[in-house]
Amino acid sequence: MSAPHLEHLFHPDNAREYTSGITEAIRLLIDQLAALEGPTTGISPEAAAKPVAEVDLDNPLLDSTAALAEVGRLWLKDAVWFHDPAYAAHLNTPVVIPSLMGELLMAAVNTSMDTFDQSVGATFMERRLIDWTGARAGYPEATRDGIFTSGGSQSNLQALLLARGEAEHRGVPLDRLRFLTSADSHFSIAKSARLLGMGDAAAIAIPTDAEHRMDVVALREALDECVVDGLVPAAVVATAGTTDFGVIDPLHAIADACQDFNVWFHVDAAYGGGLLASPKYRHLLDGIERSNSITIDYHKTWFQPVSSSALLVRDLATMQHASWYADYLNPRESENPNQVDKSLQTTRRFDALKLWLTLRTMGPDQIGAYLETVIDLAREVYDILSVQPDIEVITPSQLSTVVFRYVDSHLDETGLDEDGLDDLNRRIRAEMWNGGRGVVAATKVDGRQFLKLTLLNPKASVQDVLDIIEQVRTLGRAVPEVAR
Ligand SMILES: Cc1ncc(COP(=O)(O)O)c(C=O)c1O
């Protein structure tokens, strides 16, 4: 057995080691930033996997400079950079610097949010942020509550757990419960039905209208059908906005339906939640205040690092469905404010610190201004693309996505059919990744292959985005020879 090398511990004795280690890591990062030539290098899975597999984890380098250099080689040099204006793929954001200060502090102190005796003031900072966000959503001061979670999927799962708990409380058997959500909602809703033991058939997909928003007439019909079939709607989930189209379901009309059928109303605002900080576009979330629960992803439209999300609830009593008590951690008789009482997690990061520092350094209007910038960018890009003959765009977003595909403008001459176009667009995306100078996402619309820009970089200009489109166009002209 080797003697422990205690200079590696974060400890007052090792302040010098800590400072030099963190400084080295920062230098690696800054050097890498200076050397970047695009949002990624286009590395293949095989090329990324090989050097990782070759590392002998039982044979350490015993030197932080060498270990950092290795990390630089295995990951950092090929990382995907969300601050690069040519990155426009998934719902990732460049992050704000105050949040990174929070990340550094929380990781070193290693605060855990489960109980007061592991977190002290952090518990109250988290609670203030939950309360502040709930107030912005319009929830009543006397009853609102919530909890930070690891992400939108977990927030949705917990919301549906609470909805299920409320329905079961009324004596409804599990196999009769149903969740209703639009066909364009995030997959975590249907997955939650499975995780909650209700089976895949328990998630009913409601058709959407031409703008990809939930069709409320169809929702009401489905709710009626449930009643006729002896089924019990446990929750209706509205999306604000959808992952692909960035559109917001009609919240008031859905709230009316939930009221009429006495159903839990959950709003998945993982994407659109940042509108709560936007004076210009806050109205897009009107009606959210009538919900029972809301998912907010600070790590999307609040420009926070992963992970940072919250579940908000209108009525704190409903959080009891997630409660469990243990003598060794949070005994029932404890008078401490233990956040674990309402969390699905036990040991939990102090992610709230990042948002706290962001709000105290920048203020909420700045976060709102960042989001407004990308929404306006998406609108402008949409307008430009919608009149270009070789680009087909789908419904304008209320947030910041643009769904489009390259359509060969000489379609008739070239004889490229719909299947050929699918293949062409798939290949354009793959080739763009390989080139490392741009990244777009892909999705299907009515079974057809489309490409997607998710614009979340407030420093990106219209010209930056049009440059990505120009890459698409160039590849679109070059690739058909192979696709045909
Ligand atoms: C509408 C919506 N809900 C939920 C999620 C899941 O969030 P997370 O990835 O944080 O689990 C996403 C992710 O993109 C989303 O777009």
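How far from an oxygen atom of the ligand does a polar side-chain atom of Lys300 lie? In this predicted model, the separation between the polar side-chain atom of Lys300 and the ligand oxygen is 3.1 Å. The protein covers 84% of the accessible area of the ligand, which on its own amounts to 390 Å².

Further polar atoms approach the ligand. At Gly152 the approach is made by the backbone, with a polar backbone atom 2.8 Å from an oxygen atom of the ligand. At Thr243 a polar side-chain atom is involved, and it lies 2.8 Å from an oxygen atom of the ligand. Both Gly152 and Thr243 belong to the group of residues that come nearest to the ligand, the others being Ser153, Asp268 and His299. The surroundings of the ligand comprise 14 residues. By residue class, nine of the shell residues are polar, three are charged and two are nonpolar.

The shell can also be described by the elements that supply it. Helix H7, spanning residues 152–169, and helix H11, spanning residues 298–301, each contribute at least two residues. The largest share comes from H7, with three residues of the shell.

Backbone geometry was examined next. Most peptide bonds are trans, and most residues other than glycine have a negative phi. Exceptions to both patterns occur in the model. Ala240 and Gly241 are joined by a cis peptide bond, with omega at about -5°. Gly241 sits in the loop that runs between strand S5 (232–239) and helix H10 (251–261). A cis peptide bond also links Val306 to Ser307, and here omega is about 0°. Ser307 is placed in the loop between H11 and strand S8 (309–313); H11 is also a helix that supplies residues to the ligand shell. Leu62, although not a glycine, has a positive phi of about 55°. The loop that holds Leu62 connects helix H2 (45–53) with helix H3 (64–74).

Helix packing was described by the angle between axes, the axis separation and the handedness of the crossing. Helix H9 (residues 216–228) packs with H10 at an angle of about 15°, and the two axes are 10 Å apart. H9 is therefore roughly parallel to H10, as the angle is under 35 degrees. The crossing of these two helices, H9 and H10, is right-handed. H10 also bounds the loop in which Gly241 is found.

Helix H13 (residues 364–385) and helix H16 (residues 462–478) pack at about 45°, with an axis separation of 10 Å. This angle makes H13 oblique to H16. H13 and H16 cross in a right-handed sense.

For helix H4 (residues 97–109) and helix H12 (residues 352–361), the packing angle is about 140° and the axes are 7 Å apart. H4 is accordingly oblique to H12; the class of roughly antiparallel pairs would require an angle over 145 degrees. The crossing in which H4 passes H12 is right-handed.

Terms used:
Residues numbered from 1 in each chain as written. Predicted model: local features only at pLDDT ≥ 70, side-chain atom pairs only at ≥ 80, totals over all residues. Heavy atoms only, no water. Near = heavy atom within 4 Å. Polar contact = N/O pair within 3.5 Å; in protein donor to acceptor, adjacent residues only side chain to side chain. Areas by Shrake-Rupley, 256 points an atom, 1.4 Å probe, with all protein chains shown as cover. Helix = DSSP H or I, 4+ residues; strand = E, 2+ residues; numbered from the N terminus. Nonpolar A, V, L, I, M, F, W, Y, C, P; charged D, E, K, R; others polar. Axes fitted to C-alpha atoms, helices over the stretch in contact; angles between N-to-C directions. Parallel < 35°, antiparallel > 145°, perpendicular 65-115°, else oblique. Left-handed = near helix turned anticlockwise from the far one by under 90°.
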